[in-house]
Amino acid sequence: MELEDLRTRLRAVSRKPDNLRRVLRWETGLVVVVIAVAILGSSLSSEFFTANNFFNLTLNNGEIAIMALPMTLIIISGEIDLSVESTLGMSSALLGVLYLHKLPMILIFVIVAVVGALAGAVNGLLVTRVGLPSLAVTIGTLALYRGIALILLGPKTVANFPATYTNVGVEAIPHTDLSWSMGIFIVLAVIFGIVLHATPYGRSVYAMGDNAEAALYAGIRVKRIKTSLFVISGLASALAGVLFTFRLNTAVQDNGTGLSLDVVAIVLLAGVSIFGGKGSIAGVFLAVLAFAGLQNALLLTNFNQEATGLVTGGLLLVSVFVPNAAMFVRYIRGVASRAARRTPEPALSLPRKDT
Amino acid sequence: MTDGVPGEGPADEAEIEVDVEVAAAVSDEGPPILALEHVSKSFGAVKAVIDGVIELRAGEAHALLGENGAGKSTMVKMLAGVHQPDGGRFLINGEPVVLDGPAAAIEAGIAIIYQEPTLFPDLSVAENIFMGRQPLRAGRRIDAKAMTTEADQMFARLGVRIDPGRIARGLSIADQQLVEIAKALSLQARVIVMDEPTAALSAVEVARLFDVIRALRADGAAVLFISHRLEEVFEICQRVTVMRDGRHVLTAPIGELSAPQLVRAMVGRDMPERAPGEKRAPGEVRLTVDRLTREGVFTDVSLQVRAGEIVALSGLVGAGRSEVARAIFGIDRYDAGAVTVGGRKLRKASPTAAMAAGIGFVPEDRRQQGLVMEMSIQQNVALASLNALRKAGIIRASAERSFASDWAVRLSVKYGQLTDPVSMLSGGNQQKVVLAKWLGRQPSILIVDEPTRGIDVGTKADVHNLLDQLAADGIAILMISSELPEVLRLADRILVMREGRLTAEFSQAEASEEDIMAAATGQLEAQAR
Amino acid sequence: MTATLAPAREPGSPVPASSRRLAERVFRIRELGIVAVLIVFVAVTAAIQPRFLNSSNIQFVLVDATIYGLLALGETLVVITRNVDLSVGSVLGISAFACAKLASAAHGVPLPVVFLAGLGIGLGFGVINGLMVALGRVPSLVVTLATLYIIRGIDVLVVGGGQVVPSSYYPSFLSMSKATVLGVPDLAIAVAVLVALGWYGLRTFRSGRELYAIGSNPDAARLAGIPMGRRVFTTFAISGAIAGLAGVLWASRYGTVDSTAGTSYELQVIAAVVVGGVAIFGGSGSVVGAAIGALLLQTINSALYVLGVSPNWDQAIAGFLLILAIVLDRIISVRLTASLRRRSARRGT
């Protein structure tokens, strides 16, 4: 017992800054990254700082940004949701099919939202009631929901949505250069930020991410909250699906393929620990900016679109290695000094049978 | 036996005989088989060990005593090869060595048995014992049959029955420890370090462990025994070393010292013998448990706790006491029976309902169940009271801060800043934070499970006084404890559980350790009052 | 040296065999379970549509299963240690392209060298993954997620919009994946042998058992002196090498290789591994189970096709089955742990 005590105490001491300061350190780093991206972007292309370009930047990344918000809470709580891209696709397919059947759009929105929430609820219940690891469950629902999208729409493509809606892909919010999806993201980010950082619900999310058992013993309704997180993720993915469909004016079954990992990448970039218990919404906001900015800069330079993954991957690696760098250096030094101090076998060992 | 320390009747005689046989094995000739001479170890600014001295002779059981933070665990880590001393010498058989990792320590014949057994739950017992050193046959292939046979032999030597083929998952703590000991035997360890080995064991299992220690000594191995339980130290060890604040204080044969002397050496001051609290007059019945049953775990448990009363629930580990407590609080479910608080039936399996009814629960394992280690002291204290600290849905930071600091002061928690991670505190102070968390809710009923486990002597006294005070203030307290001195000191009534049932009840006046132990082990049929 | 104690608490007589290895038996049932499901599937499908058991159909299924089975072999090694390798699809893709180029009639690189090249490319990436995870102490989910992106990015940059078409290969390259012995594809046999070797190795060599230990309780593994860095590094290196090898097979099987080869394979492979009984948190499971899992998933795909079920349903069914598999696993494991605890409590195990 004491051994454990001392071990964690020492780890805590060596990380002297308290939570707030640690979080600020990461955010500051991200600000630097965002500035670097901005400099890079403007040096690569004179178009970078134009209003039009800013609009495009926010346009293409609004859906991912929206999905990153509940993903942040889910990862902080110690889980993960890889099915978001498929819920997006399923929502898109549902939207398309219902539109083909001439249902009124408002009704379609309601149905899509309900289905999104249900999709999240299935994830949540499998994780909390059946006790399955979320990584495995959401890999399953990733396939299942994409499959449902395929069943709904088949190979069909639905286009020609009413202009009032597809305008989200064309127009900015009046008097700004922000796309509608990014505007929605900003509003949601503020709400999520307040909830996560200043309400008992948010505090509970942190607690269960660090130690689900202790959270339970403190009277926190872990199962209920986790399930709600997945439901919210489902709703957000459904919203993203609707926005995605209108932006491209296309409902097709493979909408959103590959986005789950983009969302996870943004959240990790934001300084949210994959182990749970740590992270902030401010970080997510900055990470979205960095990610979008970088994508955009590359787009402007005609960098092969598909290869922007290179950059995402690089950023991801940086985001995990930088905090570990100090530890890593110490480790290398330790290895080196131990190697230097090698002494002959101690005299105590008894002959063993199998050496 | 030294005065002031209770002994166990029948075991005494057997032990004396064995000691006579074994005495020869304790060699006074030649260098000790292992010695740490004036070692020091710092981690950054933290000086964990300043002057550490341990000297182990073949065939002895040697106690290492000290409060939490005295440096014992760092010494153990140095023995384990996890850390290397910054200064001083590490000698094995008189030769200086450097152990650059756990593998080197194992190679050198040092085995560590941690308090929380570190087994591989998915692998078999035999594999757990031999991992990394499995016996081989032709072509460097593992010889599974030889593994099983050797494991069987080892268990026979220890006098226990464990199936080497079963997987480790699901073994009781006591059995897990035995597997660890078998592991130590299998690497023919000459030095076996046991860190708080008895904390989670029942008396029967402790006796079994002591037999094993005697066998190890007779083999010529040295056992380093780390424990907070002085009565056990007196029973099984020949010499004792005390550390305080990172320094070596004394090393002496056990016969030369009394318990108060040892305590004084550990604490650096005299701990006055606390007389049991004054007689309390209990008030109305706050908590009623009526024929609570959970299949296979506990049956027909009925009890009452009144305001201002401390009811202790005693018994062996595995008797079902913590399970009953968890069922009352709603962490676990139960199959039959009822829990009533203040006249109203309490909804089962809902900690929220229990908390709303005024119950607080300080769990057994403060690290795993009581605290969120990453969070600050402030956040941990506030964790169960967040709803009370909010306005319009938002937690008021200033309210949280004053709430936490209030309680920290009231319980004399020693901390740097409220915003420090709670993992920085010592075990005793961590326990106080858990208590603060619950007391902050002004509970009318407090359930505490092993309130002073793994806590140093000084803080233990603080906690005892606190519980006395709470009872005096009118809180109904249900206390689960395996430490009989603690039970006898604090409780107004003592209930004993055995294998899931309540078997006896004693009032403070009539209880004695022997009676409680007898009821717990079923040797004496005491009438339940 | 042996000093016997005061009389043992209980006689050290051997525990009756019936109570031994309850857990092992249950886990073996898990693998038998998927085999049973497989057999049932094949039987039912063949009954409805005898075409299913056509030799050419079987061959197709087996070759596809071979590629996934190979990947599952490597992935299992990684997952057992409580890690995950998400980069296998990207490695497969880049290796497929590189080796397809090598195998073109223009270059005329001999087949064994092509294989070595594939292995080498995969090994290179596996080593990079392994170094980052083992040395950098960074969670493998994050590392391999990043390399998934990076390797795919490199692939896209190199390949651009280009592709290798079947006509450009020298003939023996394409026919390699079609070669059969008694109706069973050579590749399937080769992979089955590799899987058997893997199974044997994990079972009978210390380093194999140590992989399980690392996944079962990493802290204990460290304290037991197991060289964790080295072992984990090796699993990633092997996983990468296998993915590289699979790339060669992929090129041979599909002929046309562009920058999308192997996309999303990692999730399919993990699905196969999980369905095959390997715990996602490590510590248990077997490569045989994983390989059977891969075979099962491919068989189901093929069966659905043959039965005329719209291919639209493939994915949904695959997803549903994966969820079903882990739910069942969970139920079994909960029952098992409870019964083990009861045994332990009731008597001296």
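These exercises, each with a worked solution, concern a predicted model.

**Exercise 1. Confidence in chain B**

Task: State the mean pLDDT of chain B and find where the value drops below 50.

Solution.
- Step 1. Chain B averages a pLDDT of 84. A value of 70 or more is reached by 89% of its residues.
- Step 2. Look at residues 1–25 of chain B, where the pLDDT is below 50. In the model this stretch has 30 contacts beyond near neighbours in sequence.
- Step 3. Residues 524–529 of chain B also stay under 50. Here the model has twelve contacts beyond four places in sequence.

**Exercise 2. An open sheet in chain B**

Task: Give the strand order of the six-stranded open sheet in chain B, and say which strands stand at the edges.

Solution.
- Step 1. The order is β18-β21-β22-β15-β23-β24, with mixed pairing.
- Step 2. The edge strands are β18 (359–362) and β24 (501–507) of chain B. Each has a single partner strand, so one side of each lacks a neighbour in the sheet.
- Step 3. From one strand to the next, the twist averages 20°.
- Step 4. Take one pair inside this order. β15 (residues 310–315) and β23 (residues 493–498) of chain B run parallel, with five bridges. B:Ala312 faces B:Ile494 of β23(B) across the pair.
- Step 5. Add the helix. α10 (residues 321–329) of chain B lies across β15, β18, β21 (445–449), β22 (476–480) and β23 of chain B. Its angle to β21(B) is about 145°.

**Exercise 3. Strand β3 of chain B**

Task: Is strand β3 (residues 61–65) of chain B enclosed or open, and which strands pair with it?

Solution.
- Step 1. Count the buried residues: five of the five. The strand is therefore largely enclosed by the rest of the structure.
- Step 2. Sort the side chains. In a regular strand they alternate between the two faces of the sheet. B:Ala61, B:Ala63 and B:Leu65 point one way, and B:His62 and B:Leu64 the other way. All are buried.
- Step 3. Find the partners. β3(B) pairs in the parallel sense with β10 (residues 222–226) of chain B over four bridges. It also runs parallel to β11 (residues 239–244) of chain B, again with four bridges.
- Step 4. Use B:Ala63 as the reference. Its bridge partner is B:Phe225 in β10(B) and B:Val240 in β11(B).

**Exercise 4. From β1 to β5 in chain B**

Task: Trace the antiparallel pairs that link β1, β4 and β5 of chain B, and pick out the residues with positive phi.

Solution.
- Step 1. β1(B) and β4 (residues 87–92) of chain B are antiparallel, joined by five bridges. B:Glu37 stands opposite B:Arg89.
- Step 2. β4(B) and β5 (residues 95–96) of chain B are antiparallel too, joined by two bridges. B:Leu91 is opposite B:Pro96.
- Step 3. The hairpin of β4(B) and β5(B) has two residues between its strands. There B:Asn93 takes a positive phi near 50°.
- Step 4. B:His38, in strand β1 (residues 34–43) of chain B, has phi near 50°, a positive value in a residue other than glycine. B:His38 is partly exposed, with 15 other C-beta atoms within 10 Å.

**Exercise 5. Two packed helices in chain A**

Task: Describe how α8 (residues 180–198) and α13 (residues 281–300) of chain A pack.

Solution.
- Step 1. Two packed helices are described by the angle and the distance between their axes. Here the axes come within 9 Å and cross at roughly 150°.
- Step 2. α8(A) is therefore roughly antiparallel to α13(A).
- Step 3. On α8(A), the contact involves A:Ala189, A:Phe192, A:Gly193, A:Leu196 and A:His197. They meet A:Ile281, A:Ala282, A:Val284 and A:Phe285 in α13(A).
- Step 4. By class, the contact has seven nonpolar, two polar and no charged residues.

**Exercise 6. A covered helix in chain C**

Task: How many residues of α8 (residues 206–216) of chain C are buried, and what covers them?

Solution.
- Step 1. Eight of the eleven are buried, so the helix is mostly covered, with 20 or more C-beta neighbours within 10 Å as the cut-off for burial.
- Step 2. Among them are C:Leu211, C:Tyr212 and C:Ile214.
- Step 3. The cover from chain B includes α4 (125–130) and β8 (141–142). From chain C it includes α2 (55–80), α7 (186–204), α9 (218–223) and α10 (228–254).

How values were computed: Residues numbered from 1 in each chain as written. Chains lettered and ligands numbered in written order. Predicted model: local features only at pLDDT ≥ 70, side-chain atom pairs only at ≥ 80, totals over all residues. Buried ≥ 20, exposed ≤ 12 C-beta atoms within 10 Å, placed from the backbone. Contact = placed C-beta atoms within 7 Å. Pairing = 2+ DSSP bridges. Axes fitted to C-alpha atoms, helices over the stretch in contact; angles between N-to-C directions. Parallel < 35°, antiparallel > 145°, perpendicular 65-115°, else oblique. Nonpolar A, V, L, I, M, F, W, Y, C, P; charged D, E, K, R; others polar. pLDDT = per-residue confidence, 0-100.
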